[in-house]
Protein chains: 2
Amino acid sequence: MGSNTLACNLAIALVHYPVYNKHHEVVTSALTNLDQHDIARSSKTFGLDRFYIVTPSEEQRKLAERISGHWQHGWGADYNPDRRQALDIVRVTPSLAAAVADFQSGFGKPVKTVVTGAAQRSGSTALVTFRNLLQEADQPYLLLLGTGWGLTEECFTTADLILEPIAGNGIYNHLSVRSAAAIMLDRLRGIEREET
Amino acid sequence: MGSNTLACNLAIALVHYPVYNKHHEVVTSALTNLDQHDIARSSKTFGLDRFYIVTPSEEQRKLAERISGHWQHGWGADYNPDRRQALDIVRVTPSLAAAVADFQSGFGKPVKTVVTGAAQRSGSTALVTFRNLLQEADQPYLLLLGTGWGLTEECFTTADLILEPIAGNGIYNHLSVRSAAAIMLDRLRGIEREET
């Protein structure tokens with residue numbers, strides 16, 4: 001960071017461990033190629049500097065680095081420079097703690113972690129409230145997104161902030177993590193357009 | 001539709017022809033499996049009854065039907081019933097006209113087509129304005145989403161309404177069609193939460 005540029009105080013961590021599988025067992029989920037692309041592009045569009053991909057699997061971390069590398073240095077970099085800019089913000093880490101530590105390096109105040117899930121929980125924070133909290137530019141927030149069947153209960157109990165789930169307008173509410181990330185970023189950082 | 005249920009007056013059409021490729025040639029783009037899943041799930045979450053996948057390629061239409069079928073009747077239907085509900089709203093059509101005709105059958109007023117792209121255009125309509133237009137429940141609107149390098153110019157000149165692009169907060173604006181669809185549906189049909 002140059003002396004005139006302040007790092008964005010919101011970053012995303014896509015968590016592949018610890019998450020639940022369909023049978024509520026704690027597992028390491030597999031990478032999904034398009035998660036990396038879509039969430040990097042959405043993050044870059046909404047001005048984030050960091051998108052962490054968290055997995056304890058060394059093999060999976062190498063795969064994530066290879067995907068980013070293809071578009072950063074390989075054939076893809078020339079073919080689609082826009083994609084390179086998005087994947088430049090990706091950081092691959094073995095643990096959530098490592099992601100927090102990396103993000104922390106740009107800030108004095110301790111990083112606060114923020115979680116979100118599909119279920120309604122008491123004491124959760126509205127997205128519009130979190131949007132206002134983000135105005136305090138020197139307070140870093142790391143937004144954790146779960147994969148598989150969602151972040152473990154432990155992630156919720158240790159988080160600094162729990163966000164309300166995104167509401168559809170019926171009882172069905174099964175957004176992909178890619179779609180949920182896009183909507184949250186728009187609500188947290190998007191420019192509201194006036195009626196014309 | 002039963003006599004007490006009104007069809008949702010907003011539907012999405014994911015258009016694989018006519019779209020541009022990287023060299024600004026008009027082509028038929030290939031299906032992307034996750035487009036079908038993600039946009040179906042987002043559409044269902046925000047209360048839409050119809051999500052059209054438009055491609056003149058018979059082979060690609062069969063593929064789209066097979067993907068939906070796997071989750072509707074095959075092994076996937078038991079494994080993940082939520083996915084089935086989302087894919088139930090998918091209709092695969094050979095042309096945009098066929099999608100319009102199918103959607104039209106539920107309404108008296110002629111279907112209006114709505115297009116959107118990444119570039120700013122004069123005379124375009126803000127999403128919040130379109131959200132208000134949707135309150136007129138008997139006026140059907142078909143929102144066209146382009147694949148590849150975007151809908152052709154002809155789609156823009158023949159559309160009834162051109163929406164403003166989704167604004168990030170910088171010069172970079174390269175959302176995936178899956179992310180753009182999610183954000184638009186949230187802005188058009190999502191429930192705004194009050195500050196708590």
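Which residues have the most contacts inside the largest nonpolar core?

1. A:L10 and B:L10 do; that core has 76 residues. Bear in mind that this is a predicted model. Beyond its neighbours within four places in sequence, B:L10 is in contact with nine residues' worth of surroundings that include B:L48, B:F103, B:F130, B:Y141 and B:R189. Another core lies apart, with 20 residues, including B:V15, B:Y52, B:V54 and B:L144.

2. The two chains superpose. A turn of 180° and a shift of 0.0 Å along the axis lay chain A on chain B, with an RMSD of 0.0 Å. That is the relation of a two-fold axis. Both copies use the same surface: 100% of the contact residues of chain A recur in chain B.

3. A:H16 sits in the loop between β1 (10–15) and β2 (19–20) of chain A. Its relative accessibility is 1%, so A:H16 counts as buried. Leaving out neighbours within four places in sequence, A:H16 is in contact with residues including A:V27, A:T28, A:S29, A:I53, A:V54 and A:T147.

4. Aromatic pairs come to six over all chains. A:F103 and A:F107 pair edge-to-face, 5.3 Å centre to centre with 70° between the planes. A:F103 and A:F107 are buried. Together with A:Y52, they form one aromatic cluster.

5. A:F130 and A:Y141 also pair edge-to-face, at 5.1 Å centre to centre and 80° between the planes. This pair links helix α6 (residues 127–133) to strand β7 (residues 141–146) of chain A, eleven residues apart. Both rings' residues, A:F130 and A:Y141, are buried.

6. The charged end of A:R121 sits over the ring of A:F156, 3.6 Å from its centre. In chain B, B:R121 lies over the face of B:F156, at 3.6 Å from the ring centre.

Technical notes: Residues numbered from 1 in each chain as written. Chains lettered and ligands numbered in written order. Predicted model: local features only at pLDDT ≥ 70, side-chain atom pairs only at ≥ 80, totals over all residues. Heavy atoms only, no water. Core = buried A, V, L, I, M, F, W, Y, C linked by side-chain atoms within 4.5 Å. Buried < 20%, exposed > 50% of the residue type's maximum accessible area, 1.4 Å probe, protein only. Contact = heavy atoms within 4.5 Å. Helix = DSSP H or I, 4+ residues; strand = E, 2+ residues; numbered from the N terminus. Least-squares fit on C-alpha atoms with pLDDT ≥ 70 in both. Phe/Tyr/Trp six-rings, centres within 6.5 Å; stacked < 30°, edge-to-face > 60°. Lys NZ or Arg CZ within 6 Å of the ring centre and 35° of its normal.
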